[in-house]
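Biologist: I'd like to learn how to read a model like this one. Could you walk me through it, starting with a single side chain?

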Amino acid sequence: MGLQNTRTSNYADWYLNVVKAADMAENSPARGCMVIKPWGYGIWENIKSSLDEMIKETGHENCYFPLFIPLSLFQKEADHVDGFAKEMAVVTHSRLENKDGKLTPASPLEEPLVVRPTSETIIAESFAKWVGSYRDLPIMINQWANVVRWEMRTRMFLRTAEFLWQEGHTAHSTEEEAVDETLTMIECYRKLAEDYMAMPVIVGRKTELDKFPGAVDTYGIIAMMPDGRALQAGTSHYLGQNFAKSANISFQNKNNKPEFAYTTSWGVSTRLIGGLIMTHGDDEGLKVPPRIAPYQVVIVPIYRNDDTTSRDEVNEYAENLEKELKKSMPFGEKIRVKFDKRDRTPVDKRWEWLRKGAPIVVEVGPKDIEKNSVAVVYRNRMEDKKQFIDFNEFTATTKAKLEEIQTEMFENAKKLRDESIIEIDNWDDLVAHFKPKNKFLEAEGKSPAFVKIKWCGCNEQELEDKLKEFQAAIHCITNEEAKGKCVVSGEDNARYEVLVARSY
RNA sequence: CGGGGUGUAGUUCAGCCUGGUAGAACGCUUGCUUUGGGAGCAAGAUGCCGUGGGUUCAAAUCCUGCCACCCCGACCA
């Protein structure tokens with residue numbers, strides 16, 4: 001049956017249908033905020049634990065900074081203020097009073113508190129206290145937290161007023177070390193997206209106009225969605241001494257001279273899940289790559305005729321299957337198996353798990369007990385018939401199968417992505433490419449959706465303004481040493497290769 | 001924040017123009033029949049018609065304030 005809206009009929013509604021069909025999240029009474037339900041949160045937890053391990057392996061420690069940031073503190077870095085001021089939630093009162101039956105804010109705060117949109121400022125303030133000598137550096141910390149950005153227009157997972165993320169913050173004694181850190185972390189994000197989420201990304205540096213407010217350089221991973229738009233999926237910033245200067249993070253260097261520290265920050269958010277949905281969703285619902293699937297294998301029992309004996313036998317058989325499966329270690333981790341004993345029909349349960357995108361759904365019933373087999377559906381191959389596989393063969397090959405599915409999902413997504421990138425070497429073709437409002441259908445045809453152009457770096461503002469007319473933008477610099485003709489100036493002086501696309 | 005649209009059962013929606021007992025499908029409950037690729041029959045249950053005002057003998061329906069969601073812009077990590 002599938003979803004009500006397909007990707008080709010109505011992409012935006014299709015996306016919401018998947019979120020609902022997979023039971024990942026729903027809207028909440030607070031505008032622009034969402035309730036993340038167990039299946040959605042389970043995916044987030046797996047993303048989180050995968051990345052957390054990488055963060056720790058690269059020498060960082062977790063900690064926690066407060067949700068509230070004094071307004072004055074936020075104000076210190078001018079570019080930073082400009083970048084975030086328009087989307088800030090501000091706490092101004094400390095009490096509610098009952099006025100004629102209506103609760104009314106009362107007792108104004110002496111200094112308003114902003115709800116963190118990101119924590120550079122408050123963390124820099126602490127860094128300043130923690131750092132005295134070069135021996136105190138580097139400081140490398142991370143926090144898992146929620147942040148609030150008062151967005152005008154929200155979309156589940158892709159852009160919500162409150163979202164969950166991880167933000168890493170480091171301070172170093174040299175520029176070189178800080179730049180290195182910035183690049184190390186963007187590489188972690190690439191690995192997270194590609195190796196764990198099976199979501200191919202392009203790594204690049206942001207242009208001058210597009211970087212993080214207050215940063216010297218911003219690097220990003222960009223995922224390309226099947227509707228032809230690009231999604232910024234993670235960023236890593238080299239902040240230079242900008243925040244160090246405004247928060248006075250200074251240290252005495254080896255020459256006994258005071259010097260400002262070099263800081264970085266980097267983050268990925270629940271937006272990744274939006275990318276996951278679009279990369280791997282189809283007209284039946286979601287597909288979750290095994291490595292981050294809350295359940296990798298779901299066992300659905302089939303009982304017959306309310307016959308208690310057969311029911312017990314089936315349960316025993318299923319429990320044995322669960323036990324055997326749990327001996328395998330796909331991706332070197334404990335396998336995640338769910339034995340779904342809920343009181344629903346087997347058919348309902350099967351389709352529910354397939355909509356949610358569990359990689360393998362396996363049914364066991366009386367016939368299987370007789371033949372010592374199991375009935376298996378693979379989510380990434382739903383068009384195939386249900387396969388009846390020998391019990392022992394199934395348990396012995398599940399690990400390899402999950403790993404194979406993971407690879408296949410990545411390869412498929414990558415193939416689609418690669419097919420939709422073209423190079424354009426002159427302005428007219430670039431305009432012609434973006435002119436039609438390319439809905440998914442047009443993008444799905446042969447016309448590629450993402451464009452690489454060569455550029456000398458000239459007239460950035462004008463270029464962005466022009467691209468904006470076609471709802472497109474420069475996403476990042478994919479090659480810093482390109483040669484050839486600049487698409488904008490027409491001169492033979494290109495320095496960069498940049499990625500241009502419509503964006504989320 | 002501007003323009004447009006929507007809000008009715010758990011879900012998707014009809015009803016609104018032209019005011020007069022609250023509807024359908026799916027889902028849910030119960031029973032029977034089925035039973036391994038989205039079951040069938042029968043009987044049931046389910047509503048502050050988003051919300052506050054107004055017009056009217058009478059409002060889901062007309063007017064209006066607010067709220068939320070969706071789309072298009074503007075804005076933006």
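Modeller: Sure, and keep in mind that this is a predicted model. Start with polar atoms: a polar atom of the Thr160 side chain lies 2.8 Å from the backbone oxygen of Glu162. Polar contacts are counted within 3.5 Å, so that pair fits the cut-off.

Biologist: Where does Thr160 lie along the chain?

Modeller: Look for the elements on either side. Thr160 sits in a loop, with β7 (139-148) before the loop and β8 (162-172) after it.

Biologist: Is Thr160 buried or exposed?

Modeller: Buried means under 20% relative accessible area. Thr160 has 4% relative accessibility, so it counts as buried.

Biologist: Which residues does Thr160 touch?

Modeller: Leave out residues up to four places away in sequence, and the list is Gly32, Met34, Arg149, Glu151, Thr154 and Arg155.

Biologist: Now zoom out. How many helices and strands are in chain A?

Modeller: Chain A has 15 helices and 23 strands. Its radius of gyration is 26 Å, close to the 23 Å from the globule rule for 504 residues, so chain A is as compact as a globular protein of that length. The C-alpha trace spans about 80 × 60 × 60 Å along its principal axes.

Biologist: And what share of the residues in chain A is buried?

Modeller: That's 53% of the 504 residues. For contacts, look at sequence separation too: of those between residues at least 6 apart, 70% join residues at least 24 apart.

Biologist: What about charges?

Modeller: Count both signs, then compare their centres. Chain A carries 68 positive and 80 negative side chains, and the centres of the two sets are 3 Å apart.

Methods
Residues are numbered from 1 along each chain as its sequence is written. Chains are lettered from A and ligands numbered from 1 in the order in which they are written. Side-chain values use heavy atoms; hydrogens and water are left out. Helices (H or I, at least four residues) and strands (E, at least two) are DSSP runs, numbered from the N terminus. The radius of gyration is taken over C-alpha atoms; the globule rule is 2.2 Å times the number of residues to the power 0.38. Buried means under 20% relative accessible area, exposed over 50%, partly exposed in between (1.4 Å probe, protein chains only). Contact means heavy atoms within 4.5 Å. Lys and Arg count as positive and Asp and Glu as negative; His and the chain ends are not counted. The place of a charge is taken as NZ of Lys, CZ of Arg, CG of Asp or CD of Glu. A polar contact is a pair of N or O atoms within 3.5 Å; within protein, one must be able to donate a hydrogen and the other to accept it, and residues adjacent in sequence count only if both atoms are side-chain atoms.
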